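Subject: Structure handover

Hi,

Here is the structure for your files. My notes are below it.

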Amino acid sequence: MDKYFKKLPQELREIIRQACWVSQKTRMPAYLVGGCLRDLILGVKNLDLDITIEGSGIIFSRHLAQKIRSKLIIHERFGTATLILSNNLKVDIATTRQERYPHFAALPEVKPGSLKEDLKRRDFTINAMALSLAADKSKKIIDPFGGQNDLVSGRIRVLHDLSFKDDPTRILRAVRFSQRFGFKIEPKTLLLLKEAIADGLLNKVNPHRMRDELILILKEQHPFRLIKALNHLGALSFISAQLKIDRATRGLFLSVAKEIAWFIKNFPARRQLDSWLIYFTVLLESLTLPQIKIIVNRLGLRKGEEKRMISYYQGRRKIIPVLSKKQVAPEKIFSLLEPLSYETIILLSATSQNKNFKKYLKDFFEIYNGMRLCISGHDLGGLGVLPGPEYQKIFAKVLAAKLNGQVRNRQTELALIKRLVYKT
Ligand code: CTP
């Protein structure tokens, strides 16, 4: 197994070493489990470690955090903990448990259990393996359901017949993993998946859980492929029965993908985009604004997310017509686009073919975005101007000059306000 560890970042390897040590010291058996083990075997990059403990995950996590001096977040209610490391790396620690679903699509009742029981509660064979972190060199994979075999054969397979009914979010997960790894959903699993969809179980899950799964779908590398596959299975009605996925949707997804790639390539230092939100907005393109608001509400999107979506619809009506004209002044471009989020602007760009508009967007990102004045009211006060509407007029003129490249720094801005105040 050590050959797999070689592919891990040095920091994670060190953590595994320390976890072995803590396991030995506390006499609590520790295992690497779930997606991180699957990815380790596949040789796929994964920056999260999932460790499960026979004993107490919380006590174990305290020891480990102390040993490696990392930040520790404890989730008492769930009996889990997260160690936050540098470079986006994190380690989730849980206690081995068993689960029982009181009824289909409900949250499971949880109680401590053995490793075997912990693996048995999981979604697919490829995610139901464990690697013992015992200090001896025999580090062996515990694989009671044939996960390694399914990894080699490229198969997504559930552990038991009620898996999708117990937890219908696994329907989305099955499609996500099958697309991500190019795996086939094994025939019986596919039958069970379709049965759960036909029984309407996706609509019985708490919509917030469905939202989280949908976001993961939209964060995958080729989200439209997943959307198409889910639509084909009839698994998108939890969003809306009116949702229409067609060639136009495909075109929009492709166009958005191009815009996102352009933005990331050209402006790597700007804040990270919420690409999923952009895809989610175009996914709902066939619906009316009131329908969209109902969906956003039901799925419990955050206020800021809703705002970015809505401003796209407003922007389409109000901003595109203005910025489709020839020769729009820089201050107009700035005043229309600066209040918008990057997500909204990318949506507008992806859905418009107008050349002028595209050119202004490029100018905005390259030149105007984030432009601020170096002078303040203090400088105007120093010239004897009393606070009031005159301030705004002067600032607007200086900003226009700055956007036009006529002033560039504090010195030239000061010279300009002097000229404006003394009208020289
Ligand atoms: N799991 C499950 N059923 C779910 C969600 C998760 O059985 N509905 C189990 C799986 O064993 C999974 C593990 O919990 O591997 C961790 O879940 P998560 O972090 O969501 O998934 P990963 O498999 O790590 O997938 P990803 O690579 O997308 O993070």
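The notes cover the ligand site, then the internal cavity.

This is a predicted model: local features need pLDDT of at least 70, side-chain atom pairs count only at pLDDT 80 or more, and totals for chains, interfaces and linings use all residues. Residues are numbered from 1 along each chain as its sequence is written, and side-chain values use heavy atoms, without hydrogens and water.

Ligand site. The ligand has 13 residues around it (near means a heavy atom within 4 Å). Arg38, Asp123, Asp167, Arg176 and Arg180 come nearest. The shell splits into 8 charged, 4 polar and 1 nonpolar (Asp, Glu, Lys and Arg count as charged; Ala, Val, Leu, Ile, Met, Phe, Trp, Tyr, Cys and Pro as nonpolar; the others, Gly among them, as polar). Helix 8 gives the largest share, 6 residues (helices are DSSP runs, H or I, of at least four residues, numbered from the N terminus).

A polar side-chain atom of arginine 38 sits 2.8 Å from a ligand oxygen. For aspartate 123, a backbone N or O atom is 2.7 Å from a ligand oxygen.

Cavity. There is 1 cavity of 30 Å³ or more (on a 1 Å grid over the protein atoms alone, points where a 1.4 Å probe fits but cannot get out; lining residues have an atom within 4 Å of a point; grid points are joined across faces, edges and corners, and volume is the space filled by probe spheres set on them). The largest cavity has a volume of about 40 Å³. Its lining has 7 nonpolar residues, no polar and 1 charged. Helix 10 supplies the largest share, 4 residues.

Best wishes

Notes:
A polar contact is a pair of N or O atoms within 3.5 Å; within protein, one must be able to donate a hydrogen and the other to accept it, and residues adjacent in sequence count only if both atoms are side-chain atoms. Helices (H or I, at least four residues) and strands (E, at least two) are DSSP runs, numbered from the N terminus. On a 1 Å grid over the protein atoms alone, a cavity is a set of points where a 1.4 Å probe fits but cannot get out, and a pocket is an open set with protein on both sides within 12 Å along at least five of seven lines; lining residues have an atom within 4 Å of a point.
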